[in-house]
Amino acid sequence: PLGSDASELASLVVEPRYRGLGVGTMLAAKLLARHRSGADSSKPLYLVTLQRTQPFYERLGFAPVSSPPTEMRLEVAAGSVVARL
């Protein structure tokens with residue numbers, strides 16, 4: 001959980017040879033179900049992802065936000081710098 005106001009889904013990675021087989025979708029669905037049934041289910045769930053993987057997460061119900069939680073701002077800034085390299 002991020003502080004007391006939010007939770008984060010972080011670092012979901014599927015080995016290249018297993019991509020396109022539904023493995024990532026299955027893992028993410030299980031993690032989302034676990035979040036919904038857990039003690040933090042009332043907290044919003046955030047993630048920081050690459051622009052190229054954004055459609056995958058949007059299919060799972062995530063949507064871009066204009067202002068991330070305070071606890072994630074450093075991660076978002078660092079990701080923006082790395083994405084430009």
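**Close-up 1. The second largest pocket and what lines it.** In this predicted model, α1 gives the most to the lining of the second largest pocket, handing over three residues. β1 (7-8) joins in as well, since both β1 and α1 supply at least two residues each to that lining. The pocket has a volume of about 210 Å³. Count up the wall and you get 10 residues, with Ser7, Leu31, Arg34, His35 and Leu45 lying nearest the centre. What kinds of residues make up this lining? Four are nonpolar, three are polar and three are charged.

**Close-up 2. Helix α1, with its buried side and its exposed face.** Here's the helix that turned up in the previous view. α1 is 15 residues in length and reaches 21 Å from its first C-alpha to its last, close to the 21 Å expected at 1.5 Å a residue. Which residues of α1 are buried? They are Gly24, Ala28, Leu32 and His35. These four sit on the same side of α1, because they cover an arc of only 60 degrees around the axis. Now look at the face turned away from that buried side: it carries the exposed residues Lys30, Arg34 and Ser37. Two names may ring a bell, as His35 and Arg34 are both among the residues nearest the centre of the second largest pocket. So in α1, His35 is one of the buried residues, whereas Arg34 is one of the exposed ones.

**Close-up 3. The largest pocket.** The largest pocket has a volume of about 1,300 Å³. It takes 45 residues to line it, and Leu47, Val48, Thr49, Leu50 and Thr53 lie nearest its centre. Which helices and strands each supply at least two residues of this lining? The answer is α1 (23-37), β2 (45-46), α2 (54-59) and α3 (73-83). The largest share comes from α3, which chips in six residues. Sort the lining by class and you find 27 nonpolar, 12 polar and six charged residues.

**Close-up 4. Ser11 and Thr49.** Ser11 is found in the loop between β1 and α1. Is Ser11 buried or exposed? It's exposed, because its relative accessible area is 71% and anything over 50% counts as exposed. Thr49 has already appeared as one of the residues nearest the centre of the largest pocket. Along the chain, Ser11 and Thr49 are 38 residues apart, yet 8.4 Å separates their C-alpha atoms.

**Close-up 5. Three rings in one aromatic cluster.** Zoom in on Phe56, Tyr57 and Phe62, which form one aromatic cluster. The structure holds two aromatic pairs. In one of them, the ring centres of Phe56 and Tyr57 are 4.9 Å apart and the ring planes stand at 80 degrees, so this pair is edge-to-face. Tyr57 also pairs with Phe62, again edge-to-face, with 6.0 Å from centre to centre and 85 degrees between the planes. Why do these residues count as buried? The cut-off is under 20% relative accessible area. Phe56 counts as buried because its relative accessibility is 19%. Phe62 makes it too, at 16%, and Tyr57 is buried at 7%.

Note on methods
Residues are numbered from 1 along each chain as its sequence is written. This is a predicted model: local features need pLDDT of at least 70, side-chain atom pairs count only at pLDDT 80 or more; totals for chains, interfaces and linings use all residues. Side-chain values use heavy atoms; hydrogens and water are left out. Rings of Phe, Tyr and Trp (its six-membered ring) pair if their centres lie within 6.5 Å; planes under 30 degrees apart count as stacked, over 60 as edge-to-face and the rest as tilted. Buried means under 20% relative accessible area, exposed over 50%, partly exposed in between (1.4 Å probe, protein chains only). On a 1 Å grid over the protein atoms alone, a cavity is a set of points where a 1.4 Å probe fits but cannot get out, and a pocket is an open set with protein on both sides within 12 Å along at least five of seven lines; lining residues have an atom within 4 Å of a point. Grid points are joined across faces, edges and corners, and a volume is the space filled by probe spheres set on the points. Ala, Val, Leu, Ile, Met, Phe, Trp, Tyr, Cys and Pro count as nonpolar, Asp, Glu, Lys and Arg as charged, and the others, Gly among them, as polar. The expected span of a helix is 1.5 Å times one less than its number of residues. The arc is that of the directions from the helix axis to the C-beta atoms.
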